[in-house]
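Please look through the sequence and the model shown here. The paragraphs that follow go from the bound ligands to a helix and then to some single residues.

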Amino acid sequence: MNVDLLLGLQWGDEGKGKIVDVLTPQYDIIARFQGGPNAGHTLEFEGIKHVLHTIPSGIFREGVLNLIGNGVVIDPVIFKGELAKLAPFNIDFKSRLLISKKAHLILPTHRILDAASEASKGKDKIGSTLKGIGPTYMDKTGRNGLRVGDIFSPNFRAKYDALVEKHKDMLKRYPEFEYNLDELEQPWLQAIEELKELKAVDSEQYLNDAMKAGKKVLAEGAQGTMLDIDFGTYPFVTSSNTVTAGTCTGLGVAPTKIGSVIGIFKAYCTRVGSGPFPTELENEVGEKIRKEGSEFGATTGRPRRCGWIDIPALKYAIMINGVTELSMMKADILSCFDKISVCTHYIIDGERYDYFPYDVNDVEITPVYEEVQGWNCDLTGLTSYEESPAELKAYVQYLEQKLEVPITVVSVGPDRTQTLNNKVLA
Ligand code: GDP
Ligand code: IMO
Ligand code: MG
């Protein structure tokens with residue numbers, strides 16, 4: 001089994017970037033398989049914080065190849081900005097970064113369509129990051145999309161113009177929505193020229209050849225299971241498969257090649273954008289988590305909605321993904337609470353639910369909580385799991401018992417070094 005994967009079990013922003021960076025030295029290739037610049041993956045080391053949107057989170061480690069798979073959608077302008085931000089770190093992108101020729105391109109008109117569609121929905125809006133994700137995946141499945149491989153074709157401009165014309169027609173549905181395409185188009189076309197400088201490949205072939213030669217791959221998820229297009233809180237989701245199965249379609253990797261599935265979750269829960277969130281705390285406790293946890297979006301800066309950990313949703317995500325081990329993030333943020341609540345099940349229409357049901361948008365969900373003892377002390381300086389307070393260990397064991405999967409990593413701060421291996425269980 002050559003491919004392990006790491007993916008989010010909640011509504012995104014679980015800390016995927018940090019753990020991918022921590023695990024990278026164990027792998028030869030880090031590969032993103034879905035999503036696009038709606039993602040914001042944060043890494044911290046040597047006093048510097050980096051936020052990546054399209055580039056895989058293994059990019060800072062020498063000798064490791066980073067691959068953007070066919071399931072990813074790329075905005076050349078945002079991508080160019082990411083490369084520019086990394087310029088001071090002297091990374092040789094030509095040798096360390098590969099892009100699938102089959103990855104789809106986000107056009108300026110996709111972004112405009114995203115914004116126009118969201119504006120027209122009023123209070124029912126998805127809360128999209130407005131990066132053009134939905135319209136780009138619509139063109140992909142509608143068989144109209146432009147792919148990275150197309151940029152090398154002499155017909156590229158004609159294909160682009162034809163798609164833009166189609167989009168302009170679609171925009172007529174939103175007569176009140178004003179937009180300025182000219183101002184976005186030139187930078188986009190310029191960024192396409194720069195994209196041509198990077199290495200575009202048939203990445204599924206590349207990956208499978210590499211695996212045959214014994215290389216180890218870590219697939220990096222974006223967003224989270226509860227934002228998956230099929231299994232998330234539809235329609236308040238993103239437009240790709242964020243789950244394990246997305247690795248197969250987003251990289252061209254067979255299910256039989258997948259080894260460990262690392263599910264990552266916060267010691268509490270957050271969501272950014274609209275949609276159901278059973279354990280949301282719209283009170284001073286939620287406010288405290290937001291403040292302590294600096295819960296503001298890495299891509300949009302929006303305040304994240306905060307609440308207690310949700311076992312039914314986590315169990316559902318573990319089931320869908322076939323999770324084999326867990327990483328628990330941001331344990332340090334709960335240090336300020338004497339007692340920590342855990343949602344063990346829901347009550348809907350007077351009935352008990354231990355799982356995440358279909359209809360969560362229009363029903364009233366009452367989360368039922370159990371209280372556990374907090375640890376009430378600073379965890380950020382811990383260097384081993386064994387040293388950690390008994391209450392934290394009890395919280396970890398309590399969750400393991402409920403989730404039936406071992407928690408092998410406990411994170412106690414944003415830095416690379418603030419990562420504890422739960423060796424007892426690993
Ligand atoms: P991603 O999208 O899953 O990669 O997560 P984000 O980067 O959007 O959000 C996670 C945030 O939490 C980032 O600001 C990280 O630096 C930070 N972070 C990750 N792990 C920890 C941790 O254990 N403790 C604290 N305090 N911050 C963390
Ligand atoms: P990472 O990879 C958190 C949310 C948006 C919105 C919904 C649809 O950093 O965890 P989209 O732009 O995809 O049309 O938005 O999904 N969303 C995220 N929330 N983390 C993300 O990525 C997200 N990517 C999209 O807020 O509710
Ligand atoms: Mg994020």
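A residue is called buried when its relative accessible area is under 20%, exposed when that area is over 50%, and partly exposed in between, with a 1.4 Å probe and protein chains only. This is a predicted model, in which local features need pLDDT of at least 70, side-chain atom pairs count only at pLDDT 80 or more, and totals for chains, interfaces and linings use all residues. Residues are numbered from 1 along each chain as its sequence is written, chains are lettered from A and ligands numbered from 1 in the order in which they are written, and side-chain values use heavy atoms, with hydrogens and water left out.

Start with the metal. Two residues of the protein, D13 through OD and G40 through O, are the donors of the magnesium ion (ligand 3), at 2.1 to 2.2 Å from it. Because D13 sits in the loop between β1 (3–8) and α1 (16–23), and G40 in the loop between β2 (29–32) and β3 (41–45), the pair ties together parts that are 27 residues apart in sequence. Donors here are N, O and S atoms within 2.8 Å of the metal (3.2 Å for Na, K and Ca); water is not among the atoms, so sites may look incomplete. The helices (H or I, at least four residues) and strands (E, at least two) are DSSP runs, numbered from the N terminus. Is each of the two donors buried or exposed, or something in between? D13 is partly exposed, at a relative accessible area of 24%, while G40 is buried, at 12%.

G40 comes up again at ligand 1. Of the 20 residues around ligand 1, those that come nearest are K16, G40, T42, D332 and S411; a residue counts as near if one of its heavy atoms lies within 4 Å. Polar contacts (pairs of N or O atoms within 3.5 Å; within protein, one atom must be able to donate a hydrogen and the other to accept it, and residues adjacent in sequence count only if both atoms are side-chain atoms) can be listed for this ligand. A backbone N or O atom of G15 is 2.8 Å from an oxygen atom of ligand 1, and a polar backbone atom of K16 is 2.8 Å from an oxygen atom of the ligand. R304 contributes a side-chain N or O atom, 3.3 Å from an oxygen atom of ligand 1. Taken alone, ligand 1 exposes 590 Å², and the protein buries 93% of that. Such accessible areas come from the Shrake-Rupley method with a 1.4 Å probe; for residues, only the protein chains shown count as cover. Two elements, α1 and β3, give two or more residues to the shell around ligand 1.

K16 is also listed at ligand 2. There, 21 residues surround the ligand, and the closest are K16, H41, T129, Q223 and T238. How far from an oxygen atom of ligand 2 does a polar side-chain atom of N38 lie? The distance is 2.9 Å. Q223 places a backbone N or O atom 2.8 Å from an oxygen atom of ligand 2, and R302 places a polar side-chain atom at 2.8 Å from an oxygen atom of the ligand. The protein covers 97% of the 550 Å² of accessible area that ligand 2 has on its own.

Next, a helix. In α10 (residues 284–292), the residues G286, I289 and R290 are buried. Seen down the axis of α10, the buried residues fall within an arc of 100°, so they line one face of the helix. The arc is that of the directions from the helix axis to the C-beta atoms. On the face turned away from the buried side, α10 carries the exposed residues E284 and K291.

Some backbone details remain. Most residues other than glycine have a negative phi, and most peptide bonds are trans. The peptide bond from Y234 to P235 is cis, with omega near 5°, and P235 lies in the loop between β10 (217–220) and α9. E46 has a positive phi, near 45°. E46 belongs to the loop between β3 and β4 (48–52) and is exposed, at 70% relative accessibility. N90 has a positive phi of about 50°. N90 is in the loop between α2 (76–86) and α3 (93–96) and is exposed, with a relative accessible area of 68%.
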